[in-house]
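Visitor: Hi, I'm new to this one. Can you walk me through it?
Guide: Sure, here it comes.

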Amino acid sequence: MVKITPFEVEQWMDRYETTPGVINIAETCCASISIDDLISLDTAESACSPLQLSKKLTYGDILGSEILRQRVASLLNRDLNHHSPGLEPLNAENVIITQGAIAANFLAFYTLVGPGDHVISVYPTYQQLYSVPESLGAEVSLWKLKAENGYVPDVDELEGLVKANTKLLVLNNPNNPTGATIPTPTLQSILDFCSSRNITILSDEVYSPLFHSLPASPSSSTTSIAPPSILSLSPSGTEKTCVTLSTGSTSKALALAGLRLGWIVSRSPSLLRAIASARDYTAISVSQLDDQVASYALSPSVLPALLERNLDLARTNLALLTEFVEGKYSKVCSWVRPTAGTTALVQFRNLSKGGVLVDDASFVLDVLDKTHVLFMPGSPCFGLGTDFKGLAELMFLEASQGTHLGSVPKHGNLIPGGCYRLTSYLV
């Protein structure tokens with residue numbers, strides 16, 4: 001029997017997110033939208049429903065429709081000319097559609113690693129990214145991200161982690177749970193390191209392109225220094241190559257978690273063939289309805305407004321959370337302010353006990369019991385029960401109808417409402 005480590009963050013969510021009256025600031029997606037909302041964002045002259053109601057519901061295109069795969073490719077091509085003008089743009093042939101990014105990641109691991117292989121994964125991150133390769137028999141080394149480095153990986157540490165049998169390096173950019181961004185120069189250094197050692201890179205980019213708080217580019221006050229997809233970079237040196245994969249979905253940055261639709265993208269035809277072969281055992285195709293709605297969301301007349309809506313929400317709510325963490329409660333709370341994604345890792349101290357770190361699991365449950373505010377404890381959910389003690393993951397991309405921390409909690413008013421109730425707990 002395969003040994004599968006319990007998926008702690010998912011089990012915590014399953015146990016507590018349905019608590020009556022809960023204000024859930026642990027959910028990691030942008031505030032979800034409806035099909036009607038999508039249509040309202042469409043800038044085309046005659047916006048229409050994304051669903052073709054007369055279309056017969058066959059299995060459809062096995063790897064995903066041509067139009068959806070091309071639009072996923074275009075999403076990842078967004079910074080190609082700026083970073084690697086010599087690379088060919090990605091196209092539909094580079095994309096496989098899956099049931100969410102969780103299925104995309106699983107298929108990548110299932111195809112790439114097994115007993116005798118070694119995998120390096122950034123840490124903390126979504127537990128799937130290191131527990132699944134371990135369950136498949138691979139040895140996994142954790143590349144620990146440090147708060148003092150802004151949770152950006154230190155490439156110099158790779159030399160001490162790599163082994164002769166290292167097969168795969170796993171990135172998560174932007175990072176869950178820290179909200180940190182791996183900058184382009186660091187990505188380039190990682191790519192060069194792996195290229196010289198024939199190590200494949202899997203980059204989970206499910207929160208991209210939700211880069212909401214990066215500084216402006218030195219060359220343009222209106223353009224941020226957001227990194228590209230790993231697939232838009234190439235190793236330094238004309239003769240060098242590196243196999244890379246990117247996974248993503250409609251769930252996080254696109255606010256459409258209910259579609260259950262994701263993707264794997266790579267420039268390696270042989271790897272894509274192997275993944276497609278493995279996929280035959282887990283899925284015939286994705287729902288045609290999901291495919292149609294995702295294609296519509298990624299269309300040129302909808303995607304810009306959808307992303308702008310989510311970025312505006314991120315900036316508004318992050319400002320509220322910053323006021324909470326860095327303002328009145330700065331003696332209790334500390335963090336590395338997130339620059340992307342939907343999550344933040346906040347450290348809490350118990351001032352009544354001399355400022356020691358809280359027992360994060362007990363703290364989260366006590367807050368839930370007394371205030372009905374839910375967030376995730378860092379140590380059990382992201383630190384294997386030993387690391388990231390005193391930290392908690394908070395999410396700030398749900399709908400926010402209030403404009404300040406004193407807003408009385410209302411239905412859907414999660415960030416002001418959550419901070420309002422948490423304030424009553426901390427005072």
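Guide: A term to begin with: buried means under 20% relative accessible area, exposed over 50%, and partly exposed in between (1.4 Å probe, protein chains only). Also, this is a predicted model, where local features need pLDDT of at least 70, side-chain atom pairs count only at pLDDT 80 or more, and totals for chains, interfaces and linings use all residues. Residues are numbered from 1 along each chain as its sequence is written, and side-chain values use heavy atoms, with hydrogens and water left out.

Visitor: Is Cys30 buried or exposed?
Guide: Cys30 counts as buried because its relative accessibility is 0%. Cys48 has 47% relative accessibility, so Cys48 counts as partly exposed.

Visitor: How many disulfides does the structure hold?
Guide: Zero. A disulfide is a pair of cysteine sulfur atoms within 2.5 Å.

Visitor: Why is there no bond from Cys30 to Cys29?
Guide: Cys29 has the closest cysteine sulfur to that of Cys30, but the distance is 7.8 Å, so they are too far apart for a bond.

Visitor: New topic: helices. At what angle do α3 and α10 pack?
Guide: About 40°, with the axes of α3 (residues 66-76) and α10 (residues 288-297) 9 Å apart. That makes α3 oblique to α10. Angles under 35 degrees count as roughly parallel, over 145 as roughly antiparallel, 65 to 115 as roughly perpendicular, and the rest as oblique. Axes are lines fitted to C-alpha atoms, for helices over the stretch in contact, and angles run from 0 to 180 degrees between N-to-C directions. Helices (H or I, at least four residues) and strands (E, at least two) are DSSP runs, numbered from the N terminus.

Visitor: Which residues make the contact between α3 and α10?
Guide: On α3, Ile67, Leu68 and Arg71; on α10, Asp291, Ala294, Ser295 and Tyr296. Contact means heavy atoms within 4.5 Å.

Visitor: What about α5 and α6, how do their axes cross?
Guide: At roughly 35°, and the axes of α5 (residues 100-112) and α6 come within 10 Å. From α5, Ile102, Asn105, Phe106 and Phe109 meet Gln128, Leu129, Val132 and Pro133 of α6.

Visitor: Which residues does a cis peptide bond join?
Guide: One such bond joins Tyr123 and Pro124, with omega about 10°. Pro124 sits in the loop between β3 (118-123) and α6 (128-135). From Asn173 to Pro174 the peptide bond is also cis, and omega is near 0°. The loop between β5 (166-172) and α8 (184-195) holds Pro174.

Visitor: And Tyr151, what is its phi?
Guide: Near 60°, a positive value in a residue other than glycine. Tyr151 lies in the loop between β4 (139-144) and α7 (158-161). With 7% relative accessibility, Tyr151 counts as buried.

Visitor: Where is Leu384?
Guide: In the loop between α13 (378-382) and β16 (391-395). Phi of Leu384 is positive too, near 55°. Leu384 is partly exposed because its relative accessible area is 47%.

Visitor: Last one. Where is Glu326?
Guide: In helix α11 (residues 303-328). Glu326 has 45% relative accessibility, so Glu326 counts as partly exposed.

Visitor: What is Glu326 in contact with, leaving aside neighbours within four places in sequence?
Guide: Trp335 and Arg337. From Glu326 to Cys242 is 84 residues in sequence and 42 Å in space, C-alpha to C-alpha.
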